[in-house]
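Please open the structure in your viewer and keep the selection tool at hand. The tour proceeds from one selection to the next, with a short account of what is found at each stop.

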Amino acid sequence: MNAYTGKILYVDLTSGRSKTGIFNEDFARAYIGGTGFGIKTLIDNQEPGIDPFDPQNPLIYAVGAASGTMVPCASSKFGVFAKSPASNLLGEAYSTGQWGAELRQAGYDIVVIKGKSPKPAYLWIDDESVQRMDASHLWGKTTWDTEETIRNDLGDQLIRVSAIGPAGEKLVRTACLLNDHFRAAGRTGLGAVAGSKNLKAVAVRGTHDVKVAQPEELRELCKDLYERCKGPATSKYRGLGTPANVLTLNAQGALPTRNYQSATFEGAETVSGEYLNEHFVTKIEGCTACPCRCEHIAEVREGPFKGAIARVEYEPTMAFGPYCGVDRLDAVIKAIEYCNLYGVDAISTGIVVGFGMECYERELITKEDTGGLELEFGNGEAMVEMVKKIALRKDVGDVLAEGVKRASEKIGRGSEHFAMHIKGVEVTGYELRGLKTCALGYAVSRRGADHQRHGSYGWDLGGKVDRFKADKGRGKLVMGDEDVYCIFDSMILCKFTRGIWDFDLIAKVYSLVTGIPMTGAELLKAGERMSNLARLYNVREGLTRKGDTLPPRIMKDPIPSGVAKGSYVNQEDLDILLDGYYEARGWTKEGVPKKEKLKELGLEAYANIAGKEES
Amino acid sequence: MRVKVQYLGPVRVMLDKREEEVEVSLKTTVYELLRKLSNTYGEGFEREVFEDDGGSIRDGLIITVNGRAIGQLDGVRTSLKLGDVVTLLPLFAGGG
């Protein structure tokens, strides 16, 4: 095969042994890479209904079709998959940097890790050599120290490391896997899955060439793609970067503030992208084969958080800024740095801290619970310290480490009303009460509350639909967005380059890279296949229509002020939106793919999951 | 008549201003206002606001009038009134 290695690495951490499997062109064509490879491998390698911390829950890494090649903004990304300890459904997270290309160069497209090492271990993939290495001396280290130590121990500074921090070791449900200092497979708690296996890191070094099918033609096309990736379609990502969304969303009454108590933040200017770039950004970095370079590295040069350094994007800025009522970026940067070092997802952890703040202000938790912290909205120092307490499970951090869903079940006393999660995964940065197409995207998102599986806020904020009304037609829009993003997350293309691609161009790149004939229409069908397979997995693991819902605050409390004042998504709205989506998808009223849809997509093998069909 | 124009994101940085009052004729459309601003501020502004065809608004830039996206009004043909507030907002995909 070209580009694809055709190889799956199966690792049993219990015994320390590994073996190699293969996949063929039919598999590649049907599932492309990344998302498709991950979901297919998970559903086929995980016993239904197991606990996410069961050693047999497979932790899966999968690269994209274009990984390790010269295709700009497509070379480095990878996905991580497992049953999620946050949702007990599909766990899925994507990262970038340099790790993904390295795995392809080592000779594997997919890694499936099962079992549990008897002692802390890390996996060392050195081209064909695969070893379970002792990590006793790494246990307790931050992600950055882990990477540095592994590189020094093995004598190679070019080793790429995907590691958990102390949070993953302690099975914190928002724990992530961090690589290349500033990049993370963040969401759905996959760091805790690794921790449950006593797996501290996956280190990889690959020295093989990645051969593409038509290198000359691809090179010519890539020269043009490089220029377009550096052009106006991506300039804003190089310039202010995504934190510029803070003021945009604030102006539109769409900025989640103080645990979703409101949709506008009076302190938005001092946590904006404009302010960040003026006062804190010191350099812009990029991933493998990326001409855009969007990573805004921010450093704090004075004050109580002096020395803090982090890559700052919109979502963590929202989560530790407006969401916690904090209007100072030095605290935001420090909080993100702690997330990176201790290994927790910055988005989810910010939402958890915000929940904790509301609990504190409502006196549902006390100063004794917080270990002396005055965990009030706006208290940046307390926010930063609480990130550490959550990662290390100290004081009430031990409860909050379970995520807002489980924490609210434990705290009770009405806190479930403002536990902002969907399917157990914390919300992200778009105020859904005034963005009803986006709200549908979140309600049905296969990995829980998420904007990245659909991006459907574009319809609402772009004014292409009435964002304050629900209608059945939104289902088709969200479906289209999801299937397109499946393609992006399988190739794996950076979404910041969305403006330069159309499906025929992606198909052309796919064919030049892999040598496998592909059309834009076939790619879209593959995207639809992935969306349906993910749904089948979730249905198998217990998801019903009831799980496609929104947090109580979104469904009962109107936005109190601003341009979106009065808006919320009630049950009638949600039913209209869901009915339209299921219909567009060819699913039953319960959200189960119908048999004719399975046949259309070549998924008949999973018909037993669909079961007895209702109308 | 006077309308207020607010700038966020790259345009704010480029112009080094957050907002200004602009004198326009009665019933000026959003398109005509943006053209006037392009003539004032030049090629950089034009590139941020318009697609290469010069007629449509750049993908990823939202224009609102009094908080409402122009897509829900009359698009670029939306007619302005005295005291209207026109805001230019960049929208980014992703970001975490």
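How many bridges join strand S7 of chain A to strand S12 of chain A? Select residues 121-126 and residues 199-205 of chain A: six bridges join these two strands, which run parallel. Please bear in mind throughout that this is a predicted model.

**First stop: the sheet**

Begin with one bridge between the two strands: Ala121(A) has Leu199(A) as its bridge partner in S12(A). Now widen the selection to the whole sheet, which is open and has six strands in the order S8-S7-S12-S9-S10-S11 of chain A, with mixed pairing. The edge strands are S8 (129-134) and S11 (183-185) of chain A, each of which pairs on one side only. From one strand to the next, the twist averages 20 degrees.

Next, add residues 143-154 of chain A, which form helix H4. This helix packs on the sheet and touches S7, S9 (160-163), S10 (177-179) and S12 of chain A. The direction of H4(A) makes about 145 degrees with that of S9(A).

**Second stop: strand S9 of chain A**

Select S9(A) and consider its two faces. Arg160(A) and Ser162(A) lie on one side, Val161(A) and Ala163(A) on the other, and all four are buried, with both faces of the strand covered. S9(A) is joined to S12(A) by four bridges, and these two strands run antiparallel. In that pairing, Arg160(A) has Val204(A) of S12(A) as its bridge partner. S9(A) also pairs with S10(A) in the antiparallel sense, over two bridges. There, Ser162(A) has Asn179(A) of S10(A) as its bridge partner.

**Third stop: the nonpolar core**

In soluble globular proteins, nonpolar side chains tend to be buried together. The largest nonpolar core here has 240 residues. Select Ile60(A), Tyr122(A), Ala203(A) and Ile333(A), the residues with the most contacts inside this core.

Which residues is Ala203(A) in contact with, leaving aside its neighbours within four places in sequence? They are Tyr122(A), Leu123(A), Trp124(A), Ile125(A), Ile150(A), Ile159(A) and Val161(A).

**Fourth stop: a pair of helices**

The largest share of the core, 10 residues, comes from helix H12 (residues 329-342) of chain A. Select H12(A) together with helix H14 (residues 380-391) of chain A: the two pack at an angle of about 5 degrees, with their axes 9 Å apart. Because angles under 35 degrees count as roughly parallel, H12(A) is roughly parallel to H14(A).

To see where they meet, show Ala331(A), Lys334(A), Ala335(A), Tyr338(A), Cys339(A) and Tyr342(A) in H12(A). Opposite them in H14(A), show Gly380(A), Glu381(A), Met383(A), Val384(A), Val387(A), Lys388(A) and Ala391(A). By class, this contact has nine nonpolar, one polar and three charged residues.

**Fifth stop: an enclosed helix**

Move to helix H17 (residues 436-444) of chain A. Is this helix largely enclosed or exposed? Nine of its nine residues are buried, so H17(A) is largely enclosed by the rest of the structure. Among the elements that cover these buried residues are strand S16 (421-422), helix H18 (457-461), H19 and helix H23 (571-585) of chain A.

**Sixth stop: unusual backbone**

Most residues other than glycine have a negative phi, and most peptide bonds are trans. Select Leu171(A), in the loop between helix H5 (166-169) and S10 of chain A. Leu171(A) has a positive phi of about 60 degrees although it is not a glycine. This residue counts as buried, because it has 20 C-beta neighbours inside 10 Å.

Turn then to Lys27(B), in the loop between strand S2 (19-23) and helix H2 (30-41) of chain B. Lys27(B) is not a glycine either, yet it has a positive phi of about 60 degrees. With 10 C-beta neighbours inside 10 Å, Lys27(B) counts as exposed.

Finally, select Met491(A) and Ile492(A): the peptide bond from the former to the latter is cis, with omega near -15 degrees. Ile492(A) lies in the loop between helix H19 (474-491) and helix H20 (503-514) of chain A.

**Last stop: where the chains meet**

Display both chains. Here 30 residues of chain A are in contact with 23 residues of chain B. On the side of chain A that touches chain B, two or more residues each come from helix H8 (235-238), helix H9 (245-251), helix H11 (314-320) and helix H13 (346-361) of chain A. H9(A) gives the most to this side, with four residues. The residues on this side of chain A divide into 13 nonpolar, nine polar and eight charged.

How values were computed
Residues numbered from 1 in each chain as written. Chains lettered and ligands numbered in written order. Predicted model: local features only at pLDDT ≥ 70, side-chain atom pairs only at ≥ 80, totals over all residues. Contact = placed C-beta atoms within 7 Å. Nonpolar A, V, L, I, M, F, W, Y, C, P; charged D, E, K, R; others polar. Pairing = 2+ DSSP bridges. Axes fitted to C-alpha atoms, helices over the stretch in contact; angles between N-to-C directions. Buried ≥ 20, exposed ≤ 12 C-beta atoms within 10 Å, placed from the backbone. Core = buried A, V, L, I, M, F, W, Y, C linked by C-beta atoms within 7 Å. Parallel < 35°, antiparallel > 145°, perpendicular 65-115°, else oblique.
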